[in-house]
Amino acid sequence: MKNIETIKDKYTSIIYKTNNLKDLDNVRISAVGKKGEISSMMQEIGKMSIDQKKQMGPLLNSLKNDIISQIDQKKNELETIAIDKALENESIDMSLPINLSEGTLHPVQQVMEEMAVIFSNMGFSIALGPDIEDDFHNFTALNFPPGHPARDMHDTFFMSSENNDIKKVLRTHTSPVQIRTMIKDKPPIRIIAPGRTFRCDSDQTHTPMFHQVEGLYIDKGIHMGHLKGVLMDFVSKFFETEVEVQFRPHHFPFTEPSAEMDVRYERIGSSIKIGQGSDWMEILGCGMVHPNVLRACGIDPDEYQGFAFGMGVDRLAMLKYGMPDLRDMFSSDTRWLKHYGFGPLQQANLATGLS
Amino acid sequence: MKFTLSWLKQHLETDASIDEIVKTMTLTGLEVEGVENPAEQLRPFTVAKIINAEKHPNADKLKICTVSTLDGEKTIVCGAPNAKTGMKVVYAPMGAYIPGADFELDKKPRNIRGIESSGMLCSSKEIGLDEDDIGIMDLDKSFTVGTPLAEALDLDDPVIDFEVTPNRPDWLGVDSIARELAAAGTGKLKTKSIESIKGKFSSDIQLKNNALNECPVIIGRVIKNVKNGPSPKWLQNQLKAIGLRPISALVDITNFIAFDRARPLHIYDADALSGNITVSLGKEVKFEALDEKCYHTNTEDVTICDDKNVLGLGGIIGGSSTSCNENTTNIFIECAYFDPLTIRKTAKRLSINTDAKYRFERGVDTGFLMEGLDLATQMVLNICGGEVSEIVQSGEIPAPPKIIEFNLSLVKSLTGLDISEDKVMQILSDLGFKVENNSVCSVQVPTWRRDVTEGADLVEEIVRIYGYHNIKPVKLPEFDRTLLHDNTIKQRNSIHSRRALANRGMNEAITWSFVKHSHAKLFDGGSDDLLLENPISNDLNCMRPTALIHLLLASQRNADKGFPNVALFESGPIYTGTEPQDQHQNLAGLRRVVPRRSWSGTKIVDVFTAKRDVLSALNSMNVKIDNLQSTQTTKSYWHPGRSSRLQMGPKNILADFGEIHPRILKEMGINCRIVAFEIWPDSIPPKKKNKSKSRQELSLSDLMPISRDFAFIVKESVDSKKIIQAARSADKGLISGVNLFDIYRGEGVEKGYKSIAIEIILSPKLATLTDNDIEAVSKKIITSVEKSGGFLRV
């Protein structure tokens, strides 16, 4: 049997000189592989006497472990060198541009969601109604008698009709949803109705189509104090700041008493700040639902009463987010949509703030 | 409605400032739209006197005036022919703004043909008062030099403009505005009472009324030997201040009463009348009105006729044949009540708008006919003189409004306010209501307040005057969440799907619900019942069958402006008819097929981009994409070979997507291919109600999945999805995925065929698969695909 020390020195020297992984693996095979030198020596232990076994066994084991350890260490060194070497050719210009998604949501839709969040938190659920309405739901049931001058103020779009029936209209407000809901459901009723509305008018501050959100609450004992409470809460939550408001008497055929709500505002240059300043701006109409409206829906005004309100979504969006011109809302200019739109992950909720 | 502060003060005793008055008006429901004081723009102008006027040495038409002004003696060069020594004139100092000419004077003396001129002498047109311009203003000699012009001319009088809501025709008279302010505590009402005037002879003109429904009552009287001419200065000024043009004393008197008391009247030149006056429903005739236009009356119009001719449209406009002029000596004054609806119908049909019509169509005070006639009589006597006849009448003055039984507790129940009974009584009586107080109050509504018909109306009156600011805000009662509506699924689908699309880089738009009729037809819509009778323009005259139309037009507009990479979507309604159930939600989007160059390779927009869009949106709405069936769309506006329909079962058509038909693009002037999609979210079958939120238990196998590749040759016409589904259905328990990784055409594959390569993932659940197991499932897969028209490529 060869001298163990000699063998150890031989492999130590070979391992030291080896400079690539493949050669190193060959060294491993020739030394400690199945048929390698050290393995063969170990096989011979079987033929030895007990005393020889006791002497040579540990020595050979130690030699084997030593060589394996040296190989592993060398392997680790060579791998590190290989990685370092590869890195020299693996550099990329990390400043190359990538295109992030420029997708956006329309501010009017976003604002309607904000409103829905605020009102649903006050117990209002969402009701919807059709854009093409009949005269009954859009006017008569809302206490606009046929021929009443208040009808003219609505600049109504009429659907053409061949026969002499009363013409259908494009709803001039979201109030017909009140009627549809009150006819369908029994009080208590607590709804908001967002949607498209239409008036035959087009200039800098009017578009033939716009959006409203209607609110309706009918139950026993609901009075103007509740109405005031809801709207004051709403307006501060919506503008995300304390907003001073003023209620003024007004006239709407479908409410009695009727009111308009103004908010404090200040014009600074071309921008408008809501909540502060010395001027008042009207932002919505409201009132106690007229007994005739309740009657038209089969609700007894001596038993039930309640309030309704309606507001223009587009205008409130402009006031909150500072868009200068109403008409741009519907012109689909991608530059405008990207500038005033909201990122897709922006979702109104009260936990993280509306906007 | 405009009125001046001084006019108001003829009815209201008050020291309140204009700001206080405006505030009270606003808070009681008279919404002030503007306050203008003509004195504002007259501020720089003062009275001056020409001490000496002589001809300019270097100009024939100019004069050099030495003028005594509040700034001392000034030399002013003036071109007016009427400038002369001793004249009192309007002086504008240097730097003053001249409103009628819209320019500012130089701040330094100006050299006019060699003479330094310091300031300007003004005409009435130059200071913005009058149009007729015959030279500089020749002021009354009694004015002292330096007096502000506004003061000298009595023009320091704010004009208030406010919105008259249609329920309050009484606000079209200044006396009613005063009544509101007095009730609200801003002053005391002092409208003078009107004395009744006895006639000295009986009227030789009689009244006949054949239209008692449309004109319940008409009264009138003759005044003989009047002298018509310009009305007195005070009357002219009062009318001018609110923008009315003085015409003659008689016309001005009727205009004055229309605005002072909301009572329209008409005065006829009695000598131009043939016989008596008859009110009747019209015949088909033509007549010339005071506005010098000819109108065709018909049988629905209330006409006023004499024995020969139509004299006018009752309550709307008089005729020119009997109008008063400077030679008029005998007159007949008419005072009537016309049915508002009839007035509206006629005026609307003939497009006539007059102050009389504006009042009659809203309803005038039925309690003020006699007094109105007497007031007019008195004014005619005062201004024009004459002898008065007795009053003639035809028809009955309408009964006063019905008495309201008013339970005072309604005030608190509707508003939450505790208002004392005394206060309630006072407010009502200040507003002209007569209250008899028993257990419930009986309230007599004044004749000018026919808008008040029940308790709620009275509550509004009381709270309006008491002040809305006194109402305390109250929190809403708790609500029962089980009463919430079930629209939440629709809301959530809208919120999620729109975000899915925006996340894919699309921009959300909102476009009109109406489109051009011809475009609606291109998109399989545009039936006649969806046309608008009065569209805003002919490009927007029909309710849309799809949101794609405006998105297409918008995509082209953006491209034309230099922004070709358009990816738009919209969530909005579409209309297949005019009934509520004919309106559907539409989620549509499109992309212009513009290759986007990039260092990492050109990004192609193609039908599969649209497919990714549509499936992302559907997926976000919890639609099981794997369960969708692909069919051919039935809409004509899709490219026949590059479009598809997605549906769940035969009934629920969820979406179409693909390329828009090139013919449509051509007709709409779109210069680029467009890929698009349309989703009908209403067709997504609703989830079962009350279904548990808890998910099915997940069972995971510890066994390794293995994969095997297959290639099948199929006809070109066979959809690849069919092959995938066939393979997948071969052993649903074992096959967990099918991945199509290659499509090959060319050498080795016959023309008209394609080779589809798929990877099948096998996920054993109980035991590791043996070669025999794999062999068996492979056979099943091949057999299943063969049934769908594919055979194994070898």
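These legends describe close-up views of a predicted model.

**View 1. The surroundings of D306(B), a buried acidic residue without a salt bridge.**
D306(B) sits in the loop between β21 (302–305) and β22 (310–313) of chain B. The nearest side chain of opposite charge belongs to K308(B), 7.6 Å away. A salt bridge requires a side-chain nitrogen of Lys or Arg within 4 Å of a carboxyl oxygen, so a separation of 7.6 Å does not qualify. Which backbone nitrogen of K308(B) or S274(B) does the side chain of D306(B) reach? The side chain reaches both: the backbone nitrogen of K308(B) at 2.9 Å, and that of S274(B), also at 2.9 Å. Beyond four places in sequence, D306(B) touches A272(B), L273(B), S274(B), N276(B) and L311(B). S274(B) thus appears in this list of contacts and also supplies a backbone nitrogen to the side chain of D306(B).

**View 2. The interface between chain A and chain B.**
On the chain A side, 96 residues are in contact with 87 residues of chain B. The two chains bury about 7,700 Å² between them. Carbon and sulfur atoms account for 57% of that area. In chain A, R196(A), P249(A) and E256(A) lose the most area to chain B. Together these three make up 8% of what that side buries.

**View 3. Polar and charged pairs across the interface.**
Nine salt bridges are counted between chain A and chain B. One of them joins K167(A) to E533(B), with N and O 3.1 Å apart. Residue pairs in polar contact between the two chains number 44, with both residues at pLDDT 80 or more. Which helix of chain A gives the most to the side that touches chain B? Helix α9 (residues 224–239) does, with eight residues. The residues on this side of chain A divide into 41 nonpolar, 34 polar and 21 charged.

**View 4. A salt bridge between two helices of chain A.**
Over all chains, the count comes to 53 salt bridges. In this view, the side chains of E37(A) and K10(A) meet at 2.7 Å, N to O. E37(A) lies in helix α3 (residues 37–44) and K10(A) in helix α1 (residues 4–17), so the pair ties together parts 27 residues apart in sequence. Are the two partners buried or exposed? E37(A) is buried, at 17% relative accessible area. K10(A) is partly exposed, at 37%.

**View 5. The salt bridge of R362(B) and E361(B).**
The closest N and O atoms of R362(B) and E361(B) are 2.7 Å apart. R362(B) counts as buried, with a relative accessibility of 15%. E361(B) is also buried, at 7%.

**View 6. A salt bridge between two strands of chain B.**
R645(B) and D656(B) meet through their side chains at 2.8 Å, N to O. R645(B) is in strand β36 (residues 638–648) and D656(B) in strand β37 (residues 652–660). The pair links distant parts of the chain, 11 residues apart. R645(B) is buried, with a relative accessible area of 5%. D656(B) is buried too, at 0% relative accessibility.

**View 7. A salt-bridge network in chain B.**
Which residues do shared salt-bridge partners join into one network? They are R168(B), D170(B), E180(B), R449(B), D451(B), E461(B) and R464(B).

Conventions
Residues numbered from 1 in each chain as written. Chains lettered and ligands numbered in written order. Predicted model: local features only at pLDDT ≥ 70, side-chain atom pairs only at ≥ 80, totals over all residues. Heavy atoms only, no water. Helix = DSSP H or I, 4+ residues; strand = E, 2+ residues; numbered from the N terminus. Buried < 20%, exposed > 50% of the residue type's maximum accessible area, 1.4 Å probe, protein only. Lys, Arg positive; Asp, Glu negative; His and termini not counted. Polar contact = N/O pair within 3.5 Å; in protein donor to acceptor, adjacent residues only side chain to side chain. Contact = heavy atoms within 4.5 Å. Buried area = accessible area lost by both parts, 1.4 Å probe. Nonpolar A, V, L, I, M, F, W, Y, C, P; charged D, E, K, R; others polar.
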